[in-house]
Amino acid sequence: MVSGFAHGHAVAEMGLRVLGGESPASIPVISSPEEPPKFDYQVLMQLGINQKLLPPDSIVVNGPSPFYSINRHQFWTIIISLLILSMVLVILVINIWERKQIEIRIKNQLSFLRTLMDTLPLPIYFTERNGTIAGINRAFGQWFGLSWDSDEDLKTLKSGQFDARFSPLFDRRMDSYETRIPHSDGSMRPTVLHKATYADALGENAGIVGVIYDISDRKLAEDNLRAAEEKYRTIFENSALGIFQTTPDGSWIVANPALARMLGYAGPEELIENNPNISTLYYQQSDRERVVEMYHKTRGSIEFEVLFRTREGAVITANLNARGVRGAGDEFSHFEGFVEDITDRKAAELALAASESMLQLVLDTIPQLVHWKDRRFHILGANRNFLAYVGETEMSAILGKTYAEIVHNAHEVEEIRRLDAQVFLSNEPCYRLRLETRNAAGEGMWLLVNKVPLHGPHGEVVGILSTAEDITQTMNLEKQLLQSQKMEAIGTLAGGIAHDFNNILTSIMNSTELAMEDIPDDSLVWKDLERSLKAAVRGSGLIKQILTFSRPTQEGFVPTDLREVVAEAITLIRVSMPRNISVSSTIEEDLHLCLADPTQVHQIVMNLATNAFQALGERGGHISFRLGRMVLDRDDAQLGNLAPGVYSRLTIEDDGPGIDEAIQDKIYDPFFTTKGKGEGTGLGLAVVHGIVRNHGGEIWLVSTPGFTRFDILLPTMNELCLLPGECVSAAVTGSEHLAFIEDDEDQLTLIPRVLEQLGYTVHSFQNPADAVSVICGDGLPLDLVITDYDMPGMNGFDVAGLLRECRPELPVIMVSGRKQAQEFIGQTDNIKFFLSKPYNKDMVGRAIRDVLDKEV
């Protein structure tokens, strides 16, 4: 069906265009208007044409009415009902699907939680509202020995019928707390029990969840850590090595006591307080800079030697082993390490090096005459002393010659030939043959000859080594011994007058002390009395000095300030030295007293200074004296025969020619000397050696060409007071009852006053027989008896013997100015102490306390 509407519309449009002035020729011709075709439904049905065959966009008219063309109200009612039903259905499907998904997730979560609980190594349980256990995990079952997946065990737990093992789980406490829970292995293990309530879907309390955290290993680790910390703290505190930690800028973090002691401080606190930065301890700041530079160059430990300054100002050599500890960002967090004092070791190394150097020159410097021969007795070599002995200067003058060709003394040649043959044939050495002869200058001398066979690689004799020592001085021994006997006789004579002389000095000393106590310390009179007291102390030493050679004892020893004795001797030495010899001295201020004989110490200084002066000779040189403090530890390499402790060290050095190493072991022998005839007795160093050993000290010698040093070590003592005011709380007091027996009237009046000032009750007696009668017969209550040795009618030893019979419990102190009195100590067991005259209040007070405290 074709409609004319479209054609008319097209023609009208063209007409309007022409009327508008457009040329008809420019208007295109339209063959067919653009209008969809229309078909009649009835005709299509009659002709049997299917609507599917129609052109696209075709319009069918006269067709049947569609469904929705029914009553509109009914139509929309049906449609809306269908939509509502569809939506309800969809919602139901979605709800069912979501519930299924939730059920699946819940099952997955329950499975995950179950797996998680069983996988966790911590025992976990949870209870119901009534307190019964509702569930456990595998670790819980293993802890208590239950089958975690067993219905029977779970029923037992849920029923609430379980044993006391589970009691800690139901403690009313919540949160977390430590407790002990029994384990299936029978042990009670420390644990942390974490408990919390959980809520049900309604937010109500549904029960408790508990987690058991085994802290046995942690407790063990803590105990081990504490033990380790204590162990390392002990090592840190007691290590012989100095240990430290500092910040990168040198501020202290920690230091141990050994480091403090090494640097002269009482403890680490004092060390850090006096030296807030470690850099102040370096003697050379270049050492500190070098340490820091090494820290930055290496990531490991560093080790080298540095010099530290001690509190007293001394310089020690130390081996520093340290490392820098780095933190975040590779920056230094701190430095740590240890320090070893190697001062003595370095000194020993230097001494060893000097000794080895000396050995290289031994043949040229040894004082003996040394030469060696081949099997035909031809000379192969000799030292310079042997060349000088035969009058030659060059070795070539004697090489290859026999002894008879270079020595012209027929008796000596024959004796040497006989000895050479004897040693060669017997293959045995020959020692200490004395031979009188003359040297090349014609001077008479005595030689001590030793001959030793020289062996080849197979033990055969291939030659002879000969040494000879000049013993001319030794042959004068008889004359020297006679002189020594004279000195002993003088000592015996001095012993005879020592008693009365020391009685006088005792009275002077104690009277002076009593007078000094009554006047101000800073007055001129007090100082005059102090000088008198010092003079009395020195006077007692003078008479005892005479006995030094014959009977060395410690009877004349008193607490001595070596500073005064040495300074006085140095003053005397300075004024007596020629101008070409300079003298220097260094004396430390803070030194302990020594129990010593001041006169003998004075003699040590004078003898060694005299030796140094004679060694320097006309060319002059320098002599130096040093007096200081030295501490010897138990593991000190220099300890030798000395006991560990604090010593006063007297050093005397000179820059003379030195002492030949070959004779260094003989210089202390009596009458040994290297001086010419009439220049020395050979007793100087022997006396020094005897005095030092008698004082319980030691003498060391270090000598190389151009240098000689003697070190005298004397043990120090707890401080005693020779003069009032020198010590704080010097007087040693008591309250016991004493008997004082003395025939000297001055002392009988004076000493009881001194003892009463010390707090004692004193019964004095001038007649020893009366004293024994009262003490034994009347039963006088006493704690101690002090008696003089030298008394008319009955000496102190007799008194002690009688008291031992009647009062064996009563201790006795023997007082005497005679050296022989000390020989009685130990012959009777009630003599507990020997006190040498003269003595002062402090000495007698300490002697009394020494005896009484030991008796207690």
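In the predicted model, C594 is buried, with a relative accessibility of 1%. C430 also counts as buried, because its relative accessible area of 16% falls under the limit of 20%. Two further cysteines are joined to each other: C776 and C806 form a disulfide, with a distance of 1.8 Å from S to S. One disulfide is counted by the rule applied here. C776 belongs to helix α21 (residues 768–777) and C806 to helix α22 (residues 796–806), so the bond ties together parts of the chain that lie 30 residues apart in sequence. C776 is partly exposed, at 27% relative accessibility. C806 is likewise partly exposed, and its relative accessible area is 33%.

The protein chain as a whole contains 23 helices and 29 strands. Of its 856 residues, 40% are buried. The accessible surface amounts to about 47,600 Å², and carbon and sulfur atoms account for 55% of this area. Among contacts in the chain with a separation of 6 or more, 57% are between residues 24 or more positions apart.

The nonpolar cores are described next. In soluble globular proteins, nonpolar side chains tend to be buried together. The largest nonpolar core in this model has 38 residues, and the members that touch the most other members are L608, I623, F625, F710 and I712. Helix α18 (residues 598–616) supplies the largest share of this core, with seven residues. The surroundings of I623 can be listed by contact. When neighbours within four places in sequence are left aside, the residues in contact with I623 include M577, I581, V583, A609, A612, F613, L616 and I652. The list for I623 also has S582, S584, E653 and D654. Another core lies apart from the largest one and comprises 29 residues, including W526, L533, V762 and I848.

An open sheet is built from five strands, arranged in the order β4-β3-β7-β6-β5 with antiparallel pairing. The edges are occupied by β4 (133–136) and β5 (175–182); each has a single partner strand, so one side of each is left without a neighbour in the sheet. On average, neighbouring strands of the sheet are turned by 30 degrees against each other when direction is ignored. Within the sheet, strand β3 (residues 124–127) and strand β7 (residues 205–214) run antiparallel and are joined by three bridges. In this pair, I124 stands opposite V211 of β7. Helix α6 (residues 216–238) packs on the sheet and touches β5, β6 (188–199) and β7. The direction of helix α6 makes about 135 degrees with that of β6. As a general point, side chains in a regular strand alternate between the two faces of the sheet.

A further antiparallel pair consists of strand β8 (residues 242–246) and strand β9 (residues 252–255), which are connected by three bridges. T246 has W252 in β9 as its bridge partner. Together β8 and β9 make a hairpin, with five residues between the two strands. In the turn of this hairpin, G250 has a positive phi of about 100 degrees.

How values were computed:
Residues are numbered from 1 along each chain as its sequence is written. This is a predicted model: local features need pLDDT of at least 70, side-chain atom pairs count only at pLDDT 80 or more; totals for chains, interfaces and linings use all residues. Side-chain values use heavy atoms; hydrogens and water are left out. Two strands pair if DSSP finds at least two bridges between them. Helices (H or I, at least four residues) and strands (E, at least two) are DSSP runs, numbered from the N terminus. Axes are lines fitted to C-alpha atoms, for helices over the stretch in contact, and angles run from 0 to 180 degrees between N-to-C directions. Contact means heavy atoms within 4.5 Å. A disulfide is a pair of cysteine sulfur atoms within 2.5 Å. Buried means under 20% relative accessible area, exposed over 50%, partly exposed in between (1.4 Å probe, protein chains only). Accessible areas come from the Shrake-Rupley method with a 1.4 Å probe; for residues, only the protein chains shown count as cover. A nonpolar core is a set of buried Ala, Val, Leu, Ile, Met, Phe, Trp, Tyr and Cys residues joined through side-chain atoms within 4.5 Å.
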